[in-house]
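Work through the exercises below with the model open. Each task is followed by a stepwise solution.

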Amino acid sequence: MKTFDHLSVIGLREWIALPELGMVGLRAKIDTGASTSTLHASDIVPFEKDGERWVRFTAHLGTLVQRRHRCEAQVVSVKTIKSSNGLAQTRYVIRTLLALGDRAWPIEFTLACRKTMRYRVLLGSKALVQGQLVVNPALAYVQEKPTLSLPGAQ
């Protein structure tokens, strides 16, 4: 059996932060079957800022206690995504810093309504590849909770 020492191990669920959006203490489910990561968002309104496409949206945090956080982010693209139930949706794609454990790196998120889902954030395979992560599905919350004051996470 081969092992890869340069890869960090995470569990099926992990605590994350999105420092550029001002959010910390998010529970994320790791979804290796999804290519792109998804963030639960509502009230998505596109606008223009300095000649660029942006979106304002409400991010929803927590499962038992709902917290809402207003965000703005530049639009990277608009994608048609086929969800697990087979329906196609057009979604805005943003790029923001993901903090997991003691590391942070930029990843893309599609914005979608996940109000009926248990986890408000899904981390897809592209984020795992970019972070050089492997998943042990028998584990959960392997990494420490990240904070907003990570070095380089401005």
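The exercises cover salt bridges and the strands that carry them.

The model is predicted, so local features need pLDDT of at least 70 and side-chain atom pairs count only at pLDDT 80 or more, while totals for chains, interfaces and linings use all residues. Residues are numbered from 1 along each chain as its sequence is written, and side-chain values use heavy atoms, with hydrogens and water left out.

**Exercise 1.** Determine how many salt bridges a search of the whole structure finds.

Solution. Step 1: apply the criterion, a side-chain nitrogen of Lys or Arg within 4 Å of a carboxyl oxygen of Asp or Glu. Step 2: the search of the whole structure gives three salt bridges.

**Exercise 2.** Find which residues are linked with Glu 72 in a network of salt bridges.

Solution. Step 1: Lys 49 and Glu 72 form a salt bridge with an N to O distance of 4.0 Å. Lys 49 belongs to strand 4 (residues 37-49) and Glu 72 to strand 6 (residues 67-82), so this contact ties together parts 23 residues apart in sequence. Strands here are DSSP runs (E, at least two residues), numbered from the N terminus.

Step 2: Arg 56 also forms a salt bridge with Glu 72, with the closest N and O atoms 2.8 Å apart. Arg 56 sits in strand 5 (residues 52-61) and Glu 72 in strand 6, 16 residues apart.

Step 3: the network therefore consists of Lys 49, Arg 56 and Glu 72.

**Exercise 3.** Classify Lys 49, Arg 56 and Glu 72 as buried, partly exposed or exposed.

Solution. Step 1: take the cut-offs for relative accessible area: buried under 20%, exposed over 50%, partly exposed in between (1.4 Å probe, protein chains only). Step 2: Lys 49 has 32% and is partly exposed. Arg 56, with 33%, is partly exposed, and Glu 72 is partly exposed at 35%. Step 3: for strand 5 itself, seven of its 10 residues are buried.

**Exercise 4.** Describe how strand 5 pairs with strand 4 and with strand 6.

Solution. Step 1: two strands pair if DSSP finds at least two bridges between them. Step 2: strand 4 and strand 5 run antiparallel and are joined by seven bridges; Pro 46 stands opposite Val 55. A hairpin with two residues between the strands connects them, and Asp 50 in the turn has a positive phi of about 55°. Step 3: strand 5 and strand 6 are antiparallel over eight bridges, and Phe 57 has Cys 71 as its bridge partner in strand 6.

Note on methods. Helices (H or I, at least four residues) and strands (E, at least two) are DSSP runs, numbered from the N terminus.
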